[in-house]
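Colleague: I'm new to this one. Can you walk me through it?
Modeller: Sure. Let's put it on screen.

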Amino acid sequence: MLQSELLAKVSKEAPKDEKSVNAQFLTRAGFIYKEMAGAYTYLPLGFRVLRKIENIIREEMENIGGKEILMTIFQPKSLWEETGRWSGGVGDIMYKCDDEGEIGLGPTHEEMLTDIVRHYVSSYRDLPQYIFQIQTKFRKELRAKSGLLRGREFSMKDLYSFHATKEDFLKYYKRAAAAYVKVFKRCGLSSLMTEASGGDFTKDFTHEFQVLAPGGEDTVIYCPKGHFSRNKEIAGDLRGGQKCPQCTETLKEAKSIEVGNIFPLGEKYSEAMKAYFVDKDGQRKPIIMGCYGIGPSRTMGAIVEIHHDERGIIWPKEVAPFRVHLIQIGKEKRVAKAAKDLYRSLQKQNIEVLYDDREDKTPGEKFAEADLIGIPWRAVISEKTIKKNSVELKERSKKSLRLVKINQAAKYVK
RNA sequence: CGGGGUAUAGUGUAACGGCUAGCACGAGUCCUUUGGGAGGAUUUAGUCUCGGUUCGAAUCCGAGUACCCCGACCA
């Protein structure tokens, strides 16, 4: 992509109405545009990142048997009345539209999918099922805040599993948990699987995937060796400084961002909505359910909260909008040609490149913008480098520079 | 929803109740410049909305709206 053609321009100043790190950097660097509190447009750079996160999630969900679908955002009142959630609970944060206010915009999809499943599933032979979607969700948050971390409109992957037995469910719950850790790891986040309250859904513990970050709104009490983590909301007398219940380590307490969660739903929805199946023994039984959520947009915000320095964002490789930021310095024909040739050659090798081809910007400005945008590799072509038939490579996360022959560049940035 | 704060040009900011609302960035044109946010010339564009007080309001008062922060809430 040519930087000269990018719609969004980099801004030196942070907007005065954004305080959070993620919103400031993402806005300044031209990844997102705020439409209203808690609702953002993803600009070309931001949309690429969001897509990458979603694709990582998609791959890992498919790895644990997930089948992707796309449900309608519209929620019929009748389904939500079956579970009593149309008013009270989640229904209260649902945007209601249409003249009579009888259609909701989906804040979560248990009702919808349970309805579909009860239509198709009638025997234990039809189970288990693992169904997910990646979709925009709407919630009337009382207070949207912190950029992408808490929006009223946000992206969510929601997976639901349906089982004949509790044992089968538990096995899958563990697989899903492992997949979640993997998703976040690929996004450059190290997550803590954290015990949390069941909220509306269940009286059992549920699990949240928390990423330690000062900008987070949750607090976790955790074992630094990874044996234990619990949300402070349900920690009771337990606090940082005490001994880990699982080992001899001292527990720590820190702010964190909830990037995902998994819930044992049990028979709550299947009972309420009469989603039954006939088991081997000929008995009609409610389907055992679980649900599993990840917010790709919130994950994007969390990545920025963690991977940045004073100059800007430092994207982990797998989610970066591009692999290489190619910067041309000087507008001599030879330089421009060398840069353009390298741009095309990298593209041919399927390496994603943002090419700063602008000839009216000074080097300092280009470097500053590159640091802000945060693409993993910076490749500079200038009069100086082409004399040696070379390109200067630098990783965003490191200080060191190296000159490599132009035709070798692709190998280094892979 | 309770509490606090803010609202001036595309962005960031300044202006005692009183002169033509100033500055910087950005953007446009021209010239020079090109390895860490360049220089000159010139142009561009603004007081959130409604009402009130006043000879006179960006400034004071009231209401509304929007946004930010704290809290409550958060499948």
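Colleague: Let's start with S122. Is S122 buried or exposed?
Modeller: This is a predicted model. In it, S122 is exposed, because only 12 or fewer neighbours count as exposed and S122 has 12 other C-beta atoms within 10 Å.

Colleague: Where does S122 lie?
Modeller: In the loop between α4 (110-120) and β7 (129-138).

Colleague: Which residues does S122 touch, leaving out those up to four places away in sequence?
Modeller: F277 and V278.

Colleague: And A144? What separates the C-alpha atoms of S122 and A144?
Modeller: They are 41 Å apart in space. Along the chain, the two residues are 22 residues apart.

Colleague: Zooming out. How many helices and strands does chain A have?
Modeller: Chain A has 11 helices and 21 strands. Its C-alpha trace spans about 80 × 55 × 45 Å along the principal axes.

Colleague: What share of chain A is buried?
Modeller: 43% of the 414 residues.

Colleague: What about contacts across the sequence?
Modeller: Take contacts in chain A between residues at least 6 apart in sequence. Of these, 68% join residues at least 24 apart.

Colleague: New topic. Which domains is chain A divided into?
Modeller: Domain 1 covers 3-306, and domain 2 covers 322-413. Their centres, taken over C-alpha atoms, are separated by 38 Å.

Colleague: How many residues does the contact take from each domain?
Modeller: Domain 1 gives 6 residues and domain 2 gives 8.

Colleague: What classes are on the domain 1 side?
Modeller: The side touching domain 2 has 3 nonpolar, 2 polar and 1 charged residues.

Notes
Residues are numbered from 1 along each chain as its sequence is written. Chains are lettered from A and ligands numbered from 1 in the order in which they are written. This is a predicted model: local features need pLDDT of at least 70, side-chain atom pairs count only at pLDDT 80 or more; totals for chains, interfaces and linings use all residues. Helices (H or I, at least four residues) and strands (E, at least two) are DSSP runs, numbered from the N terminus. A residue is buried if 20 or more other C-beta atoms lie within 10 Å of its own, exposed if 12 or fewer, and partly exposed in between; C-beta atoms are placed from the backbone. Two residues are in contact if their C-beta atoms, placed from the backbone, lie within 7 Å. Domain bounds come from an automatic or database domain assignment. Ala, Val, Leu, Ile, Met, Phe, Trp, Tyr, Cys and Pro count as nonpolar, Asp, Glu, Lys and Arg as charged, and the others, Gly among them, as polar.
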